[in-house]
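Here are my notes for someone opening this entry for the first time. Have the viewer ready and follow the points in order.

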Amino acid sequence: MAGAPWVRIDLAALAHNLACVRRHAPRARVMAVVKADAYGHGLLAVARTLAAHAEALAVARLDEALRLRAGGIMAPVVVLEGVFDAQGLAAAALKNLDLVVHDPLQVTLLEQSQAMLPRRLRVWLKVDTGMGRLGVQPGAVDALWQRLMDCPAVEAPVGLMTHLAHARRGVCPETRLQLDRFAQACGALPGPRNIANSAGILAWPESHADWVRPGIMLYGVSPFAGEQGADIGLRPVMSLCSELIAVKPLQRGAPVGYGAIWQAPSDTTLGVVAAGYGDGYPRSLPAGTPVWVGGRPVPLVGRVSMDLLTVDLGPGARETVGTEVVLWGAGGASVEALAAPLGTIGYELLCRVTPRVRRVVAEMSVGGAEDETASAPPVNQEEDRFG
Ligand SMILES: Cc1ncc(COP(=O)(O)O)c(C=O)c1O
């Protein structure tokens, strides 16, 4: 549709980034994180691609997992927050979902519900080793793990997981401590281990264990401050695009936009782009932020409004109405670069593209980047997926 922004979702880039995960953690199985609408990319299109190449998917909440099942995704799906009542447990069992158990109350829930469930559930016992959010205390692991193993509603073996709080390369005593605490808490208990998010995958090989849980790096974004996905061979999956809907000459001193916070310092050409904070392009981005118009970077000027933003195309500009604009992504700025001056992270920009923005999914061509993921460890039998 002309005159409106869209996001382009590049599934070949997604496959490329998954291949990058495999190169970093070649012996681990991959639980691809698709929570929050696949980090704003659109749950089902992303999940279909990842389900074909990863050993499992992970979402935060039960309703996200149910959306996957309703959308025909039959791959193993892990609910990272687990469930909180008998109804949730029954739905999880009915839809063959795997659960994280992070609180003793969830163990009790499983123990109480055994008779009602259509099948046993695979569970991951989550240990709080320093994140300070979800997870059981390290000292409680032995007893809770045993209760889960004894519970008729639970399929053996029970997995053991934790989540890293710090995303730093190099010396990071906090991560070291978390890894040590986890190893100590789990001791010699059998069952698969699952620790690493993107930061762990990229910077902490000793965190790779049996499974890894990449999120942001699958979408082509670096988890590390001061680094961009492209620096580590990732490709952006989402590009936020639009087009010029007006181009006009501006005389020196002419004011532009709400509050006239920018006036043309000299005669120039103004480009008006159909995108604004109502689409998820942050209002607080500073003047000078690069916007790619027809393949060249030009500065953002004036205040970003709900539906529009303005750029200085310079004197003698040749772009016309309809010229394509890339606000971030392939052929444009990186979300990491845009997020940094706002004091936020690429994750947030990706997640806050609003529903009115159309998603255009670029499928993978046969024999293209898809082939890069072919080196997945052989894990196809359902009963083997946890081991
Ligand atoms: C429990 C858990 N595991 C894995 C991830 C993926 O993390 P990242 O996107 O940094 O790779 C997240 C994301 O927040 C998470 O909450």
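1. Start with the domains. The assignment for the protein chain gives domain 1 as 10-227 + 370-384 and domain 2 as 238-333. Their C-alpha centres sit 41 Å apart. Do keep in mind that this is a predicted model.

2. Now zoom out to the whole chain. Along its principal axes, the C-alpha trace spans about 80 × 45 × 40 Å. Of the 387 residues, 48% count as buried. The secondary structure adds up to eleven helices and 18 strands. The radius of gyration is 24 Å, close to the 21 Å that the globule rule gives for 387 residues, so the chain is as compact as a globular protein of that length.

3. Next, look for the barrel. Eight strands close into it in the order E2-E3-E4-E5-E6-E7-E8-E9, and the pairing is parallel. A handy place to begin is E2 (residues 29-33), which pairs with E3 (residues 56-59) in the parallel sense over three bridges. To check the register by eye, find methionine 31 opposite alanine 56 in E3, and then alanine 32, whose bridge partner in E3 is leucine 57.

4. Stay with E3 and go on to the following strand. E3 and E4 (residues 77-79) run parallel and are joined by three bridges. Here valine 59 stands opposite valine 79 in E4. Between the two strands the chain passes through helix H4 (residues 62-70), and this β-α-β crossover is right-handed.

5. Are the faces of E3 buried or exposed? In a regular strand the side chains alternate between the two faces of the sheet. In E3, Ala56 and Ala58 are on one side, Leu57 and Val59 are on the other, and all of them are buried. In other words, both faces of this strand are covered.

6. Then there's the ligand. Which residues are around it? They are Val33, Leu80, His163, Asn197, Ser198, Arg213, Pro214, Gly215, Ile216, Met217 and Pro223. Sorted by class, this shell has six nonpolar, four polar and one charged residues.

7. Strand E7 deserves a stop for its backbone. Proline 157 lies in this strand, and the peptide bond joining alanine 156 to proline 157 is cis, with omega about 0°. Arginine 168 comes in the loop between E7 (154-161) and helix H8 (173-186). Arginine 168 has 16 other C-beta atoms within 10 Å, so it is partly exposed. Its C-alpha is 8.9 Å from that of glycine 200, although the two are 32 residues apart in sequence.

8. Two residues other than glycine have a positive phi that I'd look at. Tyrosine 39, in helix H2 (residues 35-40), has a phi near 50°. Alanine 260, in the loop between strand E11 (255-256) and strand E12 (262-263), has a phi of about 45°. Their surroundings are worth setting side by side. Tyrosine 39 is buried because 23 other C-beta atoms lie within 10 Å, while alanine 260 counts as exposed because it has 11 C-beta neighbours inside 10 Å.

9. Move on to strands E14 and E15. E14 (residues 290-293) and E15 (residues 296-301) pair in the antiparallel sense over four bridges, with valine 293 opposite arginine 296 in E15. They form a hairpin with two residues between them. Glycine 294, in the turn, has a positive phi of about 55°.

10. From there, carry on to E16. E15 also pairs with E16 (residues 309-312), in the antiparallel sense over two bridges. The contact to find is valine 301, whose bridge partner in E16 is threonine 310.

11. Last, a loop residue. Why does leucine 285 count as buried? Leucine 285 is in the loop between strand E13 (268-273) and E14. The cut-off for buried is 20 or more other C-beta atoms within 10 Å, and leucine 285 has 21, so it qualifies. Leucine 285 and alanine 337 are 52 residues apart along the chain, with 11 Å between their C-alpha atoms.

Methods:
Residues numbered from 1 in each chain as written. Predicted model: local features only at pLDDT ≥ 70, side-chain atom pairs only at ≥ 80, totals over all residues. Near = placed C-beta within 6 Å. Nonpolar A, V, L, I, M, F, W, Y, C, P; charged D, E, K, R; others polar. Domains from an automatic or database assignment. Pairing = 2+ DSSP bridges. Buried ≥ 20, exposed ≤ 12 C-beta atoms within 10 Å, placed from the backbone. Right-handed = clockwise from strand over helix to strand, strands pointing away. Rg over C-alpha atoms; globule rule 2.2 N^0.38 Å.
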